[in-house]
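This report describes the fold, the salt bridges and the aromatic pairs of one protein chain. The sequence and structure come first, followed by the findings under short headings.

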Amino acid sequence: MAENLMNSVTSETISSDQGQASGFSIDAGEVARFSALAAKWWDVKGEFAPLHRFNPTRVAFIRDTCLDHFKLDAMERAPFRGLQLLDVGCGGGLLSEPMCRMGFQVTGLDASEKNIGTARAHADMGELDIRYLNSTVEQLAAKGEVLYDVVLCMEVIEHVADPESFLKTCASLVKPGGILFCATLNRTLKARALAIFGAEYILQWVPKGTHDWDKFLHPSEIHAFLADTALTPEPAIGVTFNPLSGKWSLSDDTAVNYMVVARYFE
C-alpha cells in the first residue's frame with residue numbers, strides 16, 4: 001500500500017483486544033467470536049453476507065432520517081459535511097464507510113482489535129478518512145470525548161453483557177440537537193424461529209451461536225433504557241426480509257428486526 005494511503009485513516013488504540021478491553025458492558029466471549037471472523041467482514045458471500053444485504057436499507061434509513069432531522073439538502077453530494085458521527089461496534093466498517101462518503105466525520109469504535117485492523121485496512125484502500133478506535137464506549141465516555149451529532153448502535157446491543165448500561169453510555173455521547181440510532185432483534189418466538197433456527201441452522205447465513213435469544217430485546221426495553229437520558233425515543237420501525245426478492249425493507253412488523261431512533265431536543 002502506498003505510504004500516503006496508509007496515512008488516510010487515523011490509527012489510535014485506547015485498549016487492546018477482548019480480555020484487556022475493559023468496559024462494564026463488554027462480553028469477552030462475543031468479542032472473541034467476532035475477532036475470529038475479522039478477516040471476513042468484506043466478503044459479500046461469507047459469514048457477513050446477511051449484513052451486506054441488509055446494509056442498503058439501514059444506510060438509506062439513517063441518511064433519510066438525518067437529512068430530515070438536521071434539515072439538510074438531499075441533492076448535496078456530501079450533505080453531512082461538518083457533522084460528527086460515532087459508529088459503536090463498527091466491526092469491519094460496513095456502516096462507517098458509507099457514512100464517511102456522505103460527508104460525516106466518522107469515528108468507528110470496536111472492542112475487537114482485529115475488527116479495527118480490518119476496518120482500517122479496507123478504509124485505506126478506499127482512501128477514506130475515518131478515525132478508528134479499538135476501545136469500548138465506556139472508555140470513550142470516560143476519556144471525555146467530544147459529543148457526537150449522530151451515534152449509531154446498530155446490531156450490537158444484543159452482543160453486550162449489560163445492554164442498559166451500554167445504551168445509556170451511548171446516549172451520553174449524543175450532543176444537544178443530535179440523534180441516536182439503535183437496531184437489534186426482538187425477543188419473540190418469531191425472532192427465535194427466523195433469526196436463530198432459520199438463519200443459523202437451516203439457511204446457514206451466519207455461524208451457529210452468533211445470536212443468543214435471551215439477549216434479544218423488546219422495543220419497550222430500549223425505550224425504558226433511554227427513559228432517564230436526555231434522548232426521546234420514537235416508536236420502533238421494523239425491517240423485514242423478502243425471500244422472493246432477496247431484499248430487506250422497512251416495515252410495520254417489529255417482531256424480528258427493528259430500529260429505534262432517539263432524538264436530543266434542546
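## Salt bridges

A salt bridge is counted where a side-chain nitrogen of Lys or Arg lies within 4 Å of a carboxyl oxygen of Asp or Glu. The structure is a predicted model, and a search of the whole of it finds ten salt bridges.

One of these joins the side chains of Arg 58 and Glu 155, with an N to O distance of 2.4 Å. Arg 58 belongs to helix α3, whereas Glu 155 sits in the loop between β5 (148–154) and α7, so this bridge ties together parts 97 residues apart in sequence. Arg 58 has a relative accessible area of 4% and is therefore buried. Glu 155 is also buried, with a value of 18%, given that the cut-off for burial is under 20%.

Asp 149 and Lys 175 form another salt bridge, at 3.6 Å from N to O. Since Asp 149 is in strand β5 and Lys 175 in strand β6 (residues 174–185), the pair ties together parts 26 residues apart in sequence. Asp 149 is buried at 9% relative accessible area; Lys 175, at 26%, is partly exposed.

## Further charged groups

The side chains of Asp 64 and Arg 63 also meet in a salt bridge, with 3.0 Å between N and O. Asp 64 is partly exposed, at 40% relative accessibility, and Arg 63 is partly exposed as well, with a relative accessible area of 32%. In addition, a network of salt bridges links Glu 164, Lys 168 and Asp 228.

## Aromatic pairs

The count of aromatic pairs is four. In one of them, the ring centres of Phe 54 and Trp 248 are 5.0 Å apart and the ring planes stand at 55 degrees, so the pair is classed as tilted. This pair links distant parts of the chain: Phe 54 is in helix α3 (residues 49–69) and Trp 248 in strand β9 (residues 247–251), a separation of 194 residues. Both Phe 54 and Trp 248 are buried.

Trp 248 also pairs with Phe 241 in a tilted arrangement, with 5.3 Å from centre to centre and 50 degrees between the planes. Phe 54, Phe 241 and Trp 248 thus make up one aromatic cluster. Within the cluster, Trp 248 has a relative accessible area of 16% and is therefore buried, while Phe 241, at 24% relative accessibility, counts as partly exposed.

## Surroundings of Thr 169

Thr 169 is located in helix α7 (residues 163–172). Its relative accessible area is 13%, so Thr 169 is buried. Setting aside neighbours within four places in sequence, Thr 169 is in contact with Val 137, Glu 138 and Ala 141. The C-alpha atoms of Thr 169 and Thr 229 are separated by 9.4 Å, although these residues are 60 apart along the chain.

## The chain as a whole

The secondary structure consists of nine helices and ten strands. The chain has 266 residues, of which 54% count as buried. Of the contacts between residues at least 6 apart in sequence, 70% join residues at least 24 apart.

The chain exposes about 11,900 Å², and carbon and sulfur atoms supply 54% of that area.

Note on methods: Residues are numbered from 1 along each chain as its sequence is written. This is a predicted model: local features need pLDDT of at least 70, side-chain atom pairs count only at pLDDT 80 or more; totals for chains, interfaces and linings use all residues. Side-chain values use heavy atoms; hydrogens and water are left out. Rings of Phe, Tyr and Trp (its six-membered ring) pair if their centres lie within 6.5 Å; planes under 30 degrees apart count as stacked, over 60 as edge-to-face and the rest as tilted. Helices (H or I, at least four residues) and strands (E, at least two) are DSSP runs, numbered from the N terminus. Buried means under 20% relative accessible area, exposed over 50%, partly exposed in between (1.4 Å probe, protein chains only). Contact means heavy atoms within 4.5 Å. Accessible areas come from the Shrake-Rupley method with a 1.4 Å probe; for residues, only the protein chains shown count as cover.
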